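Visitor: Could you take me through one part of this model at close range? I would like to see how a pair of helices from two chains pack, and then what surrounds them.

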Amino acid sequence: MTTLAFLGDFGGAVEFIFRQRDSVGGGVQVGGLGEIGDLLGEHLLVSLAAMAIACAVAIPLGLYLGHVGRGEFIAITVSNVGRAVPALALLAFFIAFLGIGFKNVTAVLVLLALPPILTNTYVGARGVDSEVVDAARGMGMNGAQIVRRVRVPLALPTIFAGVRTSAVSVLATATIAPLANVQTLGEPIINPQTYGFQGGLGAAIVIGVVTITADAGIGIAQRAVTPKGIKLAQGGGRGRMRLSLPTRRREAAT
Amino acid sequence: MLLLAQLQTPDRSDSGCVQNDGFCPSWIFDNFDRYVDPFFQHIVLTIVPVVIGFAISFGLAVLAHRRQWLTGPITGVTGFLYTIPSLAFFFLLQPITGRGYTTAFIALTCYTLLIIFRNVTTGLGGVPVEAKDAARGMGLTDRQLLWRVELPLAMPEILAGLRIATTTTVGLAALAVFAGAGGLGAELDADYQFKSNVVVAGGLAVLLAAALDVIILAVQRAVTPWQRARAT
């Protein structure tokens, strides 16, 4: 207990993660790996549920809109509007009008996760060079084959970037889920009168680690799914895509 | 917690609508003035971080434009900061900077860095080589090239980044209540069961984001007149 004391509140926070202690009001044991584990489990569960639903809706829709080249306004506007609505306001709105509970929190997180995935899928699918699509059509592929074998592989890095953005914001926003009675890692942060400041800080550390790990993990997956051709075109990873003929594009844009 | 939240709102009249946590236009009309201060706090919580963040990331982007190898490390660091969940960030800063505006400003500033840096870098990188060659041929120095050719041409991209950073900050500033910095988030948190309260506080935040967005868009149109000339 004294070993970490020199670190002040941070030491206490780390200790809170690993060892139980009396709550501020007394009478209840809080903290320790058991409780942190339970809160983490719920945090991941609600986040994964939301991400699964958001991906299942946004990716097919984005691919379709990108393929037929329609709905650009929807695909772009939805993410602009999504950014302007504060997560706390959205959750409060759901609590006030629809009530508390796991389903409603999931719904809030789905709404937050949808825009980046939809926009990125649309942009990725739309951005595939039309000459590549023409070549695929010339080889006799039908619409579904073009989407599956041409657009999806070439758009995958962009789609993953959207999933990554969404996952980070969903994991971050799941922190305020205890306001709707879903006991995520935000519980010690939102109820300092029970857990104390060090408890909140401990939970904050865990949330930070989880989010950064998830972000890094999806980043690795993103690199793994990037088609070899794109990696080659990026040549040395300087971030310059030559596959899409940038000089021509610029002329077309001016 | 829920009981506590209801006890904390003493100035409710005894009409049935309010007692049922309903959406009550008359209550909103009578109590609108209590949202004025939080609204202005929210504006401060948005503008200050965006301005500081813009200054920092603009400087970094210009630096990285001259020394390309810096782009990777700066994107890495700002990306890392961007990934830290805001609520956790507010808590992690509190042992060092305490509760209040300072903590909120630091965290919210950090979130703007990646967005603005990336857009300024993209904008500067997208300036046509021909334009730069022509400017050099006219005898412009590096500094003149930057201020008279590259930055004006990158302006749409830069201001697009500023718009994204601003709307994002309005949303994140709603969580600054957990850093003890007030704002509209404090009103939301005070009674999130009460429909009228949620609609007004949340609605004001969305309106603020939309209004700031429109203002920056107007600035963008004013400083890039050639874009409109081209469109017509």
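Guide: Happily! Helix 9 of chain A passes helix 6 of chain B in a left-handed crossing, left-handed being the case where the near helix is turned anticlockwise from the far one by less than a right angle, and right-handed where it is turned clockwise. Helices here are DSSP runs of H or I with at least four residues, strands are runs of E with at least two, and both are numbered from the N terminus.

A word on the source: this is a predicted model, where local features need pLDDT of at least 70, side-chain atom pairs count only at pLDDT 80 or more, and totals for chains, interfaces and linings use all residues. Residues are numbered from 1 along each chain as its sequence is written, while chains are lettered from A and ligands numbered from 1 in the order in which they are written.

Back to our pair. The axes of helix 9 (residues 192-225) of chain A and helix 6 of chain B come within 8 Å and cross at roughly 130°; axes are lines fitted to C-alpha atoms, for helices over the stretch in contact, with angles from 0 to 180 degrees between N-to-C directions. The two helices are therefore oblique to each other (under 35 degrees is roughly parallel, over 145 roughly antiparallel, 65 to 115 roughly perpendicular, and the rest oblique).

On the chain A helix, G200(A), L201(A), A204(A), I207(A) and G208(A) meet A88(B), F91(B), L92(B) and P95(B) of helix 6, contact being C-beta atoms, placed from the backbone, within 7 Å. This contact divides into 7 nonpolar, 2 polar and no charged residues; Ala, Val, Leu, Ile, Met, Phe, Trp, Tyr, Cys and Pro count as nonpolar, Asp, Glu, Lys and Arg as charged, and the others, Gly among them, as polar.

Stepping back to the whole contact between the chains, 33 residues come from chain B and 33 residues from chain A. On the chain B side, helix 6 (86-97), helix 9 (142-173), helix 10 (184-190) and helix 11 (195-223) each supply at least two residues, with the largest share, 8 residues, coming from helix 11 of chain B. That side has 23 nonpolar, 8 polar and 2 charged residues.

Within chain B, helix 9 also has a partner: its axis and that of helix 7 (residues 101-125) come within 8 Å and cross at roughly 160°, which makes helix 7 of chain B roughly antiparallel to helix 9 of chain B. Their crossing is right-handed.

Note on methods. Contact = placed C-beta atoms within 7 Å.
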